[in-house]
Amino acid sequence: MNCLDYRRILLSGDGETEAMRAHRMTCVSCAELLKEHAAFEGELRGALEVPVAARFADRLLGALPVPGSVEAPRQDRRRFLAAAAAAAAAIGLGLYAWRGRDDPMAMACIMFVMKDETKSIMMGAMPRAEAARVLAGSLPLERLDGIGKVMHIGPCPFQGGTAYHVVLMVPQDKVTLLIMPDTPMPARARAAHDGMYASVVPLRKGSVGIVGASAAVVDSVAGALQA
Amino acid sequence: MDGAVTAGDGGQSFDDAVRTHAGDLFRYAYWLARNRQQAEDIVQEALLRGWRAFSGVRDRAAVKSWLFSIVKNEFYRATARDARHGGVDAADIDIIDERSSPFGMEMREALMALPVSYAEPLALQVLGGFTCAEIAAMLETTEGAVMTRLTRARQALKRLVVPAGAHERKGERS
């Protein structure tokens, strides 16, 4: 066991093994790391433990069919299913616009989110002042602030150039933006893949790819950016 | 509920299992769906399926992981239907802490930014108390893959949750 092994196993979260403990007893830096890790885990648990609605278990059990009966869903369940059917119909209408050939640039945006987004976030954010300066000509930060909460922004390699990766929290969901100041786009383009939707829309200078988990949220953000 | 269904030979009743795990099942669904209403719907639908299948459960010790698995399956079923974000009420989304700096990310916000593929094993481990091997079985992948995802998830969170004023890239600090 060396420090690298200790750190690797510790971060996987399965707890400290006997071999790890033996190493820690002889290593000041790993002992310090364990203290920091314990504080981090406490914070992580606290964040994951979102509040649960009062009497949630009772409501769940109350919505189940009565044992021994022929399944007779309760009224609230029928209402839930009716609402779900209405929502599905609305989504179906929205999805109609997404039919057709997937645009390669929009598809590349989806692939970025699926494969490279976390790596990009881990590379770090850029100072807001610098982001404001480099994006002023294409998509001013104030515009993004008016749509949602910017949670991350940083440069990233994309399609042979540099894009600016933005994680934006809007009321409906989290969306990813890839602002490409040097990549013009003549018209809006779309793609859908594996439950993800992307739209690339032209900007005053360059273009921006918008990726989200629903067509509705991507359309909504695209509309707000083009307004 | 009267006449609660029990698993196998006099095992824990379905009601007991739901009461014991409802909170963590909801939280798990929440970190998959990132939306309270959707999470409640996923758990409710999952438990309806679970209720129908519960009489076939023989391994009492596995009830907890079985419940988490059906919630997971229901989430992916809902995602496939593309109903995941239908009718989301803005009031259901967690409010961002206005005290944080524009680029500062508190832990819950950082978790929101994590891809589901990383948040999922993390929630199973921290909320469900499952080991990497158990999570691997639930997610139908290898233990090594789970360890990698968990490690990367924690690294990403540590990178995102940084003290105010320490958001610049390393190269820009010098």
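In this predicted model, Ser214(A) sits in the loop that links β6 to α9 (215–226) of chain A. Ser214(A) counts as buried because 22 or more neighbours are not needed for that label: the cut-off is 20 other C-beta atoms within 10 Å, and Ser214(A) has 24. Part of its surroundings comes from elsewhere in the chain, as the C-alpha atoms of Ser214(A) and Gly195(A) lie 7.5 Å apart in space, with their positions 19 residues apart in sequence.The strand that precedes this loop is covered as well. In strand β6 (residues 207–212) of chain A, 6 of the 6 residues are buried. Both of its faces are covered, with Ser207(A), Gly209(A) and Val211(A) buried on one side and Val208(A), Ile210(A) and Gly212(A) buried on the other. On one flank, β6(A) pairs in the antiparallel sense with strand β3 (residues 174–180) of chain A over 5 bridges, and Met180(A) stands opposite Ser207(A). Strand β5 (residues 196–202) of chain A is also antiparallel to β6(A) and is joined to it by 6 bridges. Here Val208(A) is the bridge partner of Val201(A). The hairpin of β5(A) and β6(A) has 4 residues between the strands, and Gly206(A) in this hairpin takes a positive phi near 85°.

These pairings belong to a wider arrangement. Strands of a sheet pair through backbone hydrogen bonds, in either a parallel or an antiparallel manner. In chain A, an open sheet of 6 strands follows the order β1-β2-β3-β6-β5-β4, with antiparallel pairing. Its edges are formed by β1 (149–158) and β4 (189–193) of chain A, each of which has a single partner strand, so one side of each is left without a neighbour in the sheet. Neighbouring strands of the sheet are turned by 20° against each other on average, direction ignored. The edge strand β4(A) runs antiparallel to β5(A), with 5 bridges joining the two, and Ala192(A) stands opposite Tyr197(A) in β5(A). Helix α6 (residues 104–123) of chain A lies across β1, β2 (161–169), β3, β4, β5 and β6 of chain A, and runs at about 100° to β5(A).

Taken as a whole, chain A has 9 helices and 6 strands. Of its 227 residues, 35% count as buried. Among contacts in chain A between residues at least 6 apart in sequence, 53% join residues at least 24 apart.

Helix α1 (residues 3–12) of chain A offers another view of the packing. Its buried residues are Tyr6(A), Ile9(A), Leu10(A), Leu11(A) and Ser12(A). They pack against α2 (18–25) and α3 (28–48) of chain A, and also against α6 (132–139) and α7 (143–160) of chain B. Just after α1(A), Gly13(A) takes a positive phi of about 85°.

The nonpolar interior draws on both chains. The largest nonpolar core has 100 residues, and those with the most contacts inside it are Ile179(A), Ala198(A), Val208(A), Tyr28(B), Ala29(B), Val43(B) and Val71(B). Helix α1 (residues 14–33) of chain B gives the most to this core, with 12 residues. A second, separate core has 5 residues, among them Tyr6(A), Leu10(A), Leu11(A) and Cys30(A). Leaving aside residues up to four places away in sequence, Tyr28(B) touches Phe68(B), Val71(B), Ala123(B), Leu124(B), Leu127(B) and Gly128(B).

In chain B, Glu120(B) is found in helix α5 (residues 116–126). Glu120(B) is buried because 22 other C-beta atoms lie within 10 Å, and the cut-off for that label is 20 or more. The C-alpha atoms of Glu120(B) and Ala29(B) are separated by 9.1 Å, although these residues are 91 apart along the chain.

The helix that holds Glu120(B) also packs on a partner. Two packed helices are described by the angle between their axes and the distance between the axes. For α5(B) and α7(B), the angle is about 100° and the axes are 9 Å apart; the two helices are therefore roughly perpendicular to each other. On the α5(B) side, the contact is made by Ser117(B), Tyr118(B), Ala119(B), Pro121(B), Leu122(B) and Gln125(B), which meet Val146(B), Arg149(B), Leu150(B), Arg152(B), Ala153(B) and Ala156(B) in α7(B). The residues of this contact divide into 8 nonpolar, 2 polar and 2 charged.

Conventions
Residues are numbered from 1 along each chain as its sequence is written. Chains are lettered from A and ligands numbered from 1 in the order in which they are written. This is a predicted model: local features need pLDDT of at least 70, side-chain atom pairs count only at pLDDT 80 or more; totals for chains, interfaces and linings use all residues. A residue is buried if 20 or more other C-beta atoms lie within 10 Å of its own, exposed if 12 or fewer, and partly exposed in between; C-beta atoms are placed from the backbone. Two residues are in contact if their C-beta atoms, placed from the backbone, lie within 7 Å. A nonpolar core is a set of buried Ala, Val, Leu, Ile, Met, Phe, Trp, Tyr and Cys residues joined through C-beta atoms within 7 Å. Two strands pair if DSSP finds at least two bridges between them. Axes are lines fitted to C-alpha atoms, for helices over the stretch in contact, and angles run from 0 to 180 degrees between N-to-C directions. Angles under 35 degrees count as roughly parallel, over 145 as roughly antiparallel, 65 to 115 as roughly perpendicular and the rest as oblique. Ala, Val, Leu, Ile, Met, Phe, Trp, Tyr, Cys and Pro count as nonpolar, Asp, Glu, Lys and Arg as charged, and the others, Gly among them, as polar.
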